[in-house]
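Visitor: I'm new to this structure and would like a close look at a single part of it. Could you pick up the site that the record flags in the second chain and walk me outward from there?

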Amino acid sequence: MSARVLVGVKRVIDYAVKIRVKPDRTGVVTDGVKHSMNPFCEIAVEEAVKLKEKKLVKEVVAVSCGPQQVQETIRTALAMGADRGIHVEVSGKDYETLGPLQVSKIFAALAKKEQADLIILGKQAIDDDCNQTGQMTAALLDWPQGTFASEVTLEADKLKVVREIDGGLETIKINLPAVVTADLRLNTPRYATLPNIMKAKKKKITNVKPADLGVDVSSRLEVLKVEKLKEAGRI
Amino acid sequence: MAAAMALVRGVRFGSYSIGRSRSLIFNSLQRRGIAACVDPSIGLTDEQKEFQKVAFDFAANEMAPHMAEWDQKEIFPVEAMRKAAQLGFGGIYVNPDVGGSGLSRLDTSIIFEALSTGCVSTTAYISIHNMCAWMIDTFGNNEQREKFCPDLCSMQKFASYCLTEPGSGSDAASLLTSAKLQGDHYILNGSKAFISGGGDTDVYVVMCRTGEKGPKGISCVVVEKGTAGLSFGKKEKKVGWNSQPTRAVIFEDCAVPVTNRLGAEGEGFSIAMKGLNGGRINIASCSLGAAHASVLLARDHMCVRKQFGETLSNSQFLQFKLAEMATKLVASRLLVRQAAVALQEGRPDAVSLCSMAKLFVTDECFAICNQALQIHGGYGYLKDYAVQQYVRDIRVHQILEGNDFFSSWFSSKIS
């Protein structure tokens with residue numbers, strides 16, 4: 001199979017960190033705070049690498065949008081088994097307002113440029129909980145989507161996806177190319193091994209700007225305020 | 001009071017009872033809301049941060065949930081260690097051509113420090129195993145390296161380091177286990193004491209006397225389990241380090257092929273000491289991990305426990321105590337990492353720096369863990385709380401691989 005898979009990986013504040021709101025209430029504190037790969041993105045990378053190990057896809061490309069620091073996240077994906085990375089440079093104010101609509105436009109453009117056959121994303125990011133990027137990307141590309149996937153099976157050029165929905169499990173069959181978003185029980189992400197971490201150093205990360213892809217990253221949304229919820233009654 | 005206990009207990013058990021679901025577990029040992037000052041990833045390269053991350057994740061998911069059980073039931077966690085070996089932790093500073101990961105001493109220190117937060121005793125054993133694998137890799141000829149190292153790096157086989165005897169601890173060069181040459185075998189007679197892993201491991205790196213008295217008469221041979229004349233004493237009952245068995249190793253006319261000797265006759269003591277330089281950094285790194293975990297546990301407890309109408313975290317005295325603990329932790333970490341760099345660069349001060357690091361760090365980190373236990377109050381004394389296990393487990397680090405009382409003597413001789 002000559003399929004190429006794009007996997008989106010987002011750098012988010014680590015799940016175990018206690019979040020603090022900035023005093024000016026424009027957002028949360030990110031300076032000096034531990035960041036790591038969004039857990040659902042880890043599951044997405046694991047699924048892509050598994051497909052490659054089963055020889056059902058040929059190449060796994062990890063993509064992340066953001067400033068210089070997201071290269072750490074791409075390197076983690078490379079250490080888990082992705083073949084190469086693409087860093088879409090977005091920084092400063094643009095990065096603060098970067099949301100699912102702009103990211104999905106970037107992914108759609110990259111999918112065409114890289115001639116990808118499959119895009120696997122995490123179902124949502126743990127910082128904004130939007131759960132929109134996968135769906136928007138599929139819509140922009142006019143590709144079928146298998147969201148909240150807890151099982152993915154590649155059968156020739158069709159994808160069987162078992163989805164976790166409110167009523168239970170739904171199994172659908174979609175044509176490739178397609179977008180899949182990973183849910184919690186899709187797999188258990190592997191640990192990177194020490195040798196793979198060292199090999200990842202040699203794998204390539206190419207830099208690209210949104211303008212090169214013809215994408216406008218300006219946001220149509222304006223954050224008015226970010227506040228901490230008042231605590232519920234304490235014992 | 002009961003409700004507060006329940007709140008604290010809930011926090012504790014949450015990290016112990018839930019199975020592995022990497023995304024969403026609240027693991028109090030892994031709370032990365034750490035003040036930037038004690039963050040162990042400061043000053044590391046991106047690659048080292050990756051190594052550290054894997055080690056921390058492995059410790060949190062595969063070791064920490066079991067550390068109490070391994071301690072109480074005295075289980076030697078073979079499966080968990082083999083999983084660690086699959087990630088490359090079986091021969092961290094062993095050459096890749098025989099299955100090792102080929103990393104530096106600093107990388108190794110970082111990895112053991114992180115793993116130790118999951119279980120000090122198991123990590124300490126893994127470090128001893130690594131030391132043995134390195135000795136064979138560095139001082140063995142190609143046949144010996146190819147025979148032993150691949151299995152050790154994958155932890156298909158486990159190793160033990162045999163130097164100490166009932167009559168020779170700090171005075172290691174006065175060891176009595178004899179190895180008399182008979183044809184193409186050495187016949188070993190004598191016994192070793194306090195051997196980590198003894199009886200459960202497969203490969204024994206043994207320092208024995210082939211020549212005259214003193215260090216120059218000592219050679220290093222590799223003895224395999226199952227060799228006739230090799231037997232073991234009873235399993236010792238210890239205060240800590242309970243996830244690794246400790247036994248005497250007894251040689252009674254035990255015939256070992258001459259081809260199992262590492263290096264030349266008379267080089268054994270030097271090989272043993274070189275192994276221990278790295279071993280000291282590893283043990284100190286394990287102490288660092290325990291201290292790091294204990295500082296976080298103390299901090300968490302202070303945020304939850306209320307006395308005199310407010311949480312302990314509002315007590316200025318305890319704030320100062322925590323700051324002192326953090327300072328000692330960072331100072332210790334810097335010293336160990338410097339010693340690791342000195343060793344990997346082969347600097348002339350490497351040996352004394354390793355001894356100084358071991359002396360300073362094991363003492364300071366024990367004080368930190370002990371202080372953390374104190375902060376927990378009565379709860380710190382209960383086995384339901386991890387802090388007491390860190391205290392018990394790292395107590396022995398001040399004793400083995402260079403009793404701190406003698407380390408200061410040696411360090412003073414060097415200056």
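Guide: Happy to; we'll begin at that site, move through the helix and strands of its chain, and finish with a visit to the other chain. Keep in mind that this is a predicted model.

Let's start with B:Glu401. UniProt, in an unreviewed entry, puts the feature "active site" at this residue. Where does B:Glu401 sit in chain B? You'll find B:Glu401 in the loop that links helix H11 (387–395) to helix H12 (404–414). Is B:Glu401 buried or exposed? Its relative accessibility is 13%, and buried means under 20%, so B:Glu401 counts as buried.

So what does B:Glu401 touch, once its neighbours within four places in sequence are set aside? Its contacts include B:Ile128 and B:Met131, along with B:Lys358. B:Leu276, B:Gly279, B:Arg280 and B:Ile283 are also in contact with B:Glu401.

Now turn to helix H8 of chain B, which takes in residues 268–304. Its 37 residues, at 1.5 Å a residue, should span 54 Å, and the end C-alpha atoms are 53 Å apart, so the two values agree. H8(B) does have a kink of about 25°, though, and the kink is centred on B:Gly278. As for its surroundings, H8(B) is mostly covered, with 32 of its 37 residues buried.

Next come the strands. In an unreviewed entry, UniProt lists residues 161–254 of chain B as "domain: Acyl-CoA oxidase/dehydrogenase middle". That span is 48% strand and 0% helix, and its end C-alpha atoms lie 17 Å apart.

One pairing to trace in chain B joins strand S3 (residues 185–196) to strand S7 (residues 246–257): they pair in the antiparallel sense, over nine bridges. For a landmark, look for B:Ser191, which stands opposite B:Ile250 in S7(B). S7(B) also runs antiparallel to strand S6 (residues 230–232) of chain B, and three bridges join them. There, B:Phe232 has B:Val249 of S7(B) as its bridge partner.

Strand S1 of chain B (residues 159–162) is a nice one to look at from both sides. In a regular strand the side chains alternate between the two faces of the sheet. In S1(B), B:Ala159 and B:Tyr161 point one way while B:Ser160 and B:Cys162 point the other way, and all are buried. S1(B) pairs in the parallel sense with strand S4 (residues 203–209) of chain B, over four bridges. Within that pairing, B:Tyr161 has B:Val205 in S4(B) as its bridge partner.

Stepping back to the whole of chain B, there are 12 helices and 10 strands. Of its 415 residues, 58% are buried. If you take the contacts in chain B between residues at least 6 apart in sequence, 74% of them join residues at least 24 apart.

Before we stop, here is the other chain. Chain A has six helices and 11 strands, and 51% of its 235 residues count as buried. Its C-alpha atoms fill a box of roughly 55 × 45 × 40 Å along the principal axes. A compact globule with 235 residues would have a radius of gyration near 18 Å, and chain A has 18 Å, so the two agree.

A good strand to find in chain A is S6 (residues 118–122), where five of the five residues are buried. A:Leu118, A:Ile120 and A:Gly122 lie on one side of S6(A), with A:Ile119 and A:Leu121 on the other, so to speak, and both faces are covered. S6(A) pairs in the parallel sense with strand S1 (residues 4–8) of chain A over three bridges, and also in the parallel sense with strand S10 (residues 178–182) of chain A over five bridges. A:Leu118 is a handy landmark here: it is the bridge partner of A:Val5 and stands opposite A:Ala178 in S10(A).

Last stop: A:Ser104, in helix H4 (residues 100–114) of chain A. With a relative accessible area of 0%, A:Ser104 is buried. Beyond its neighbours within four places in sequence, A:Ser104 is in contact with A:Thr133, A:Met136, A:Thr137 and A:Leu140.

Note on methods:
Residues are numbered from 1 along each chain as its sequence is written. Chains are lettered from A and ligands numbered from 1 in the order in which they are written. This is a predicted model: local features need pLDDT of at least 70, side-chain atom pairs count only at pLDDT 80 or more; totals for chains, interfaces and linings use all residues. Side-chain values use heavy atoms; hydrogens and water are left out. UniProt positions are given in the numbering used here, feature names are shortened, and annotations may be inferred rather than shown by experiment. Helices (H or I, at least four residues) and strands (E, at least two) are DSSP runs, numbered from the N terminus. Buried means under 20% relative accessible area, exposed over 50%, partly exposed in between (1.4 Å probe, protein chains only). Contact means heavy atoms within 4.5 Å. Two strands pair if DSSP finds at least two bridges between them. The expected span of a helix is 1.5 Å times one less than its number of residues. The bend at a residue is the angle between axes fitted to the seven residues ending there and the seven starting there. The radius of gyration is taken over C-alpha atoms; the globule rule is 2.2 Å times the number of residues to the power 0.38.
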